[in-house]
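Please read the following report beside the sequence and the coordinates. It deals with strand pairing, helix packing and aromatic rings.

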Amino acid sequence: MKRCKKYEAAAKLIDAAKEYTVEEAAALLKKTATTKFDSTIDVSFALNVDPTKADQLIRGTLVLPHGNGKAKKILAITNNKQEEAKAAGADFVGGKELLEKIAHENWFGFDVMICTPDMMGELGKMGMGRILGPKGLMPNPKTGTVTLDLAKAVEEIKKGKIAYRVDRDGNLNISIARVSFEDQKIIDNLNTVLDAIAKSRPATIKGKFIKTCAVHTTMGPGMKLTFAAKN
């Protein structure tokens with residue numbers, strides 16, 4: 001596959017055989033960014049798991065210390081806590097009428113949906129799992145998006161709470177920062193993610209859990225991370 005000149009120049013800065021420390025990677029990411037815009041920094045994992053087994057379906061949430069630079073629009077579905085959600089900063093607040101807008105108008109002007117437990121029945125009746133599930137937008141108690149405390153949920157998401165889930169091939173990709181972030185903020189966020197994934201290791205896994213781990217910018221080359229102490 002032929003790469004552009006910027007990518008090829010950036011790739012020459014990376015030793016493909018080396019595993020970089022978090023500190024080394026943070027400094028090098030800015031030099032290997034190939035876009036004119038403020039590139040996203042992602043960390044990608046290949047995990048030794050079988051996602052078809054319930055105990056190996058790696059998923060969860062975490063709060064990045066400095067957010068990841070992406071402003072998220074939040075939709076809160078509730079009947080009796082609408083004022084609470086609005087006051088906390090939810091971008092869209094409503095009940096069944098907004099679910100109908102999604103179902104009938106194909107509206108997806110939001111990044112995260114949260115709801116109160118009493119509304120889960122309504123989501124079920126309208127088949128929202130089939131609509132929202134493939135897009136990763138279906139509320140779930142395990143990710144804190146089905147809750148009575150809507151204010152807390154909204155505030156955490158606005159501060160940098162993100163959800164992650166391994167795909168069917170055992171791969172996991174998480175956006176952790178922007179190239180414009182200070183090195184220390186990139187380091188803090190990256191360490192938070194590495195610690196969270198390392199702690200998610202299922203008890204049934206034998207041998208190495210994290211097969212590979214790499215960090216890269218949007219359309220930029222990746223560099224392997226050393227994570228021996230976390231694996």
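The report below takes up the sheet and its helices, then a second strand pair, and then the aromatic rings.

The model is predicted, so local features need pLDDT of at least 70 and side-chain atom pairs count only at pLDDT 80 or more, while totals for chains, interfaces and linings use all residues. Residues are numbered from 1 along each chain as its sequence is written, and side-chain values use heavy atoms, with hydrogens and water left out.

**Sheet and helices**

Helices (H or I, at least four residues) and strands (E, at least two) are DSSP runs numbered from the N terminus, and two strands pair if DSSP finds at least two bridges between them. An open sheet of 4 strands follows the order β7-β1-β8-β9 with antiparallel pairing. Its edges are formed by β7 (171-178) and β9 (223-224), each of which has a single partner strand, so one side of each is left without a neighbour in the sheet. Strand β1 (residues 40-47) is joined to strand β8 (residues 210-217) by 7 bridges, the two running antiparallel, and F45 stands opposite C213 in β8. Helix α2 (residues 22-32) packs on this sheet, touching β1, β8 and β9, and its direction makes about 45° with that of β8. Helix α8 (residues 183-199) also packs on the sheet, where β1, β7 and β8 are touched, and its direction makes about 160° with that of β7. Such angles run from 0 to 180 degrees between N-to-C directions, the axes being lines fitted to C-alpha atoms, for helices over the stretch in contact, and contact means heavy atoms within 4.5 Å.

**Strand β5**

Strand β3 (residues 74-77) runs parallel to β5 and is joined to it by 4 bridges, with M113 in β5 as the bridge partner of L75. Both faces of β5 (residues 112-115) are covered, since V112 and I114 on one side and M113 and C115 on the other are all buried; buried means under 20% relative accessible area, exposed over 50%, and partly exposed in between (1.4 Å probe, protein chains only).

**Aromatic rings**

Rings of Phe, Tyr and Trp (its six-membered ring) pair if their centres lie within 6.5 Å, and planes under 30 degrees apart count as stacked, over 60 as edge-to-face and the rest as tilted. The structure holds 3 aromatic pairs, including the two tabulated here.

| Pair | Centre distance | Plane angle | Class |
|---|---|---|---|
| F92 and W107 | 5.1 Å | 90° | edge-to-face |
| W107 and F110 | 5.3 Å | 55° | tilted |

Ring pairs link F92, W107, F108 and F110 into a cluster. F92 is partly exposed, with a relative accessible area of 27%, whereas W107 counts as buried at 15% relative accessibility.
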